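Work through the exercises below with the structure in view. Each task is followed by a solution in steps.

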Amino acid sequence: ATNNVTTVGYLTLTTKKPRTIASYHTSEPVFVTAAKYFDQYYISMATGKSVTITTTQSLPSSDSDTSWAPSPVKTLLLPDSVKAIETHAGGRYITALQPTQQTVYDLELKAQYNTAIAGATNLTHLDWFDPYNFFSDQTGTLRMYEFDGSNQHDIVAVQKGIPASHSYDSAVDTCNPRR
């Protein structure tokens, strides 16, 4: 950032010239994440309480003079300022972490979910068990959430900050046996 202008861009491997894709006139942090979901690239940029999601079928080499204009997908207006953005579930979900909640945008369902995280006052990250479920230990209890904030369950008492994981048992999954 120079003179309150932050530029966002990318650099293609084996090239030396980056390509700028956006500029923000702000003193706030700017966050970016990108993923390919099926045959589309999705680039999400956030600053303040706003996340802009764009899409394109191809990304030209960063040193190319080829014109490039991604298509807008959605602008999310959030309850609080973004602290981090990520993609999950192979690029299907764009997540925006805020001090007390997480917003998930589902590209397939075209739906936005704002989920308050129990006991959160200043979140810095949330971990995911798998592509569809994340967890928090903010209250000293491991609490599991589905991507859309549903199916919340307290699992077990934990010490905050200690990593957690789970394993898949196909023997008890009658809907999706892997035999």
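**Exercise 1.** Find the residue that stands opposite Asp127 in S12, and place the two strands.

Solution. Step 1: Asp127 faces Phe135 of S12. The model is predicted, with pLDDT of at least 70 required for local features and 80 or more for side-chain atom pairs, while totals for chains, interfaces and linings use all residues. Numbering starts from 1 along each chain as its sequence is written, and side-chain values use heavy atoms, leaving out hydrogens and water.

Step 2: S11 (residues 127–128) and S12 are antiparallel and share two bridges; pairing requires at least two DSSP bridges. Strands are DSSP runs of E, at least two residues, numbered from the N terminus. A hairpin of four residues links S11 to S12.

**Exercise 2.** Which residue in S13 is the bridge partner of Phe135?

Solution. Step 1: S12 and S13 (residues 141–146) run antiparallel, joined by four bridges. Step 2: Phe135 has Met144 as its partner in S13. Step 3: in the hairpin of these strands, with four residues between them, Gly140 has a positive phi near 85°.

**Exercise 3.** Which way do the residues of S12 (133–136) point, and are they buried or exposed?

Solution. Step 1: Asn133 and Phe135 point one way, Phe134 and Ser136 the other. Step 2: all are buried, that is, under 20% relative accessible area (1.4 Å probe, protein chains only), where exposed is over 50%.

**Exercise 4.** List contacts of Ile117.

Solution. Leaving aside residues up to four places away in sequence, Ile117 touches, among others, Leu123, Phe134 and Ser136; contact means heavy atoms within 4.5 Å.
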